Amino acid sequence: MRITADVEAAAFAVLLGNLLTTRTQAITTLVGPLHGMAYLVVLAAASVASSAASTGARWRAAIPEAGGLLASRRIHIRTRGSQSLTRNAQEG
């Protein structure tokens, strides 16, 4: 999910840069669908992730442009925290 979130953010940056500078139709035609598909994959990945339900990552993934990065970070923090709790329980 992290890779797709990065692709979504990079595609948005390219689209925004194109809008603010040259407004080249070819860039919009190529990068626009890439951004849309990356957004849909982020939504699907967040809805399938088991750790996303309790953390609110699903709602964060629905935010256009930056939602994938926010959801990915939230899931990573949640899984890292649960792994340390499991390790502590096994040691204790």
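What pattern does the chain follow when it is read along the sequence? The pattern is α-α-α-α-α, and the secondary structure comes to five helices and zero strands. Helices here are DSSP runs of H or I with at least four residues, strands are runs of E with at least two, and both are numbered from the N terminus. Keep in mind that this is a predicted model, where local features need pLDDT of at least 70 and side-chain atom pairs count only at pLDDT 80 or more, while totals for chains, interfaces and linings use all residues. Residues are numbered from 1 along each chain as its sequence is written, and side-chain values use heavy atoms, with hydrogens and water left out.

Let's start with a pair of helices. The axes of helix 1 (residues 2-20) and helix 2 (residues 25-48) come within 8 Å and cross at roughly 150°. Such axes are lines fitted to C-alpha atoms over the stretch in contact, with angles from 0 to 180 degrees between N-to-C directions. The crossing angle therefore makes helix 1 roughly antiparallel to helix 2, a label for angles over 145 degrees.

Which residues of helix 1 meet helix 2? Among them are A11, F12 and L15, and the residues on the helix 2 side include V31, H35 and Y39. Contact means heavy atoms within 4.5 Å. By class, this contact has 13 nonpolar, five polar and one charged residues. Nonpolar covers Ala, Val, Leu, Ile, Met, Phe, Trp, Tyr, Cys and Pro; charged covers Asp, Glu, Lys and Arg; the others, Gly among them, are polar.

Now look at H35, which has its place in helix 2. Is H35 buried or exposed? H35 counts as buried because its relative accessibility is 12%. Buried means under 20% relative accessible area, exposed over 50%, and partly exposed in between, using a 1.4 Å probe and protein chains only. Leaving aside neighbours within four places in sequence, H35 is in contact with E8, A11, F12, L15 and E65.

That last partner, E65, takes us to the loop between helix 4 (57-61) and helix 5 (67-91). E65 has a positive phi near 70° although it is a residue other than glycine, and at 27% relative accessibility it counts as partly exposed. R23, in the loop between helix 1 and helix 2, also has a positive phi, about 55°, without being a glycine. R23 is exposed, with a relative accessible area of 62%.

Finally, step back to the whole chain: buried residues make up 24% of its 92 residues.

Note on methods: Parallel < 35°, antiparallel > 145°, perpendicular 65-115°, else oblique.
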